[in-house]
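Dear colleague,

I am passing a structure on to you below, with the sequence alongside. My notes on what was found in it follow directly after.

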Amino acid sequence: MRYAKVELVPPTPAEVGGVAQGFNNIMKSAQTGAWKNIPVKDAWRNVLVTTEVLCWFFIGECIGKGTFVGYQV
């Protein structure tokens with residue numbers, strides 16, 4: 001419960017400004033090619049996080065559809 005009180009609060013207005021800055025950093029990294037210079041450990045971590053997010057998305061889709069394959073029509 002202690003973690004839920006910290007992690008599940010809505011963002012403050014100060015944190016919303018950080019989103020724009022983070023997006024600009026991503027765009028700058030993409031344009032300059034700086035993303036090619038990240039360590040293998042960080043790249044592997046990014047792959048694992050992306051895989052986890054995709055798995056949760058597809059699991060949510062299966063739960064929402066109520067079946068593993070196709071939609072019920």
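Ile63 counts as exposed, at 65% relative accessibility, where the cut-off for that class is over 50%. Please keep in mind for this and for everything below that the model is a predicted one. Ile63 belongs to helix H3, which runs over residues 40-65, and its C-alpha atom is separated by 35 Å from that of Val40, with the two positions 23 residues apart along the chain counted as their sequence distance.

As for the chain as a whole, it holds three helices and zero strands, and its pattern, read along the sequence, is α-α-α. The radius of gyration is 18 Å, well over the 11 Å that the globule rule gives for 73 residues, so the chain is more spread out than a compact globule. The box filled by the C-alpha atoms, taken along the principal axes, is roughly 50 × 35 × 25 Å. Of the 73 residues, buried ones make up 3%, a class that requires a relative accessible area under 20%. The exposed area of the chain is about 7,000 Å², and 69% of it is supplied by carbon and sulfur atoms.

Helix H2 spans residues 13-32 and includes Met27, a residue that counts as partly exposed at 38% relative accessibility. Met27 can be set against Thr50, which is 23 residues away along the chain, and here the C-alpha atoms are separated by 18 Å.

Returning to helix H3, I would draw your attention to a nonpolar patch on the surface that is formed by Trp44, Val47 and Leu48, which together have about 330 Å² of accessible area. Of these residues, Leu48 has its place in helix H3 and is partly exposed, with a relative accessible area of 44%.

The charges deserve a separate paragraph. The chain carries 7 positive and 5 negative charges, and the mean positions of the two sets are 5 Å apart. Side chains of opposite charge can pair when their charged atoms come close. How many salt bridges does a search of the whole structure find? The search finds one, and in it the side chains of Arg45 and Asp42 meet at 3.2 Å, N to O, against a cut-off of within 4 Å. Arg45 and Asp42 are three residues apart in helix H3, so about one helical turn separates them. Both partners fall in the intermediate class of accessibility: Arg45 is partly exposed, with a relative accessible area of 43%, and Asp42 likewise counts as partly exposed, at 30% relative accessibility.

Finally, the segment after H3 contains Gly70, which counts as partly exposed at 33% relative accessibility. Measured against the salt-bridge partner Arg45, Gly70 lies 25 residues away in sequence and 32 Å away in space, C-alpha to C-alpha.

With kind regards

Methods. Residues are numbered from 1 along each chain as its sequence is written. This is a predicted model: local features need pLDDT of at least 70, side-chain atom pairs count only at pLDDT 80 or more; totals for chains, interfaces and linings use all residues. Side-chain values use heavy atoms; hydrogens and water are left out. Helices (H or I, at least four residues) and strands (E, at least two) are DSSP runs, numbered from the N terminus. The radius of gyration is taken over C-alpha atoms; the globule rule is 2.2 Å times the number of residues to the power 0.38. Buried means under 20% relative accessible area, exposed over 50%, partly exposed in between (1.4 Å probe, protein chains only). Accessible areas come from the Shrake-Rupley method with a 1.4 Å probe; for residues, only the protein chains shown count as cover. Lys and Arg count as positive and Asp and Glu as negative; His and the chain ends are not counted. The place of a charge is taken as NZ of Lys, CZ of Arg, CG of Asp or CD of Glu. Patches are made of residues with over 30% relative accessible area and no salt bridge: like charges are joined within 9 Å, nonpolar side chains (Val, Leu, Ile, Met, Phe, Trp, Tyr) within 5 Å.
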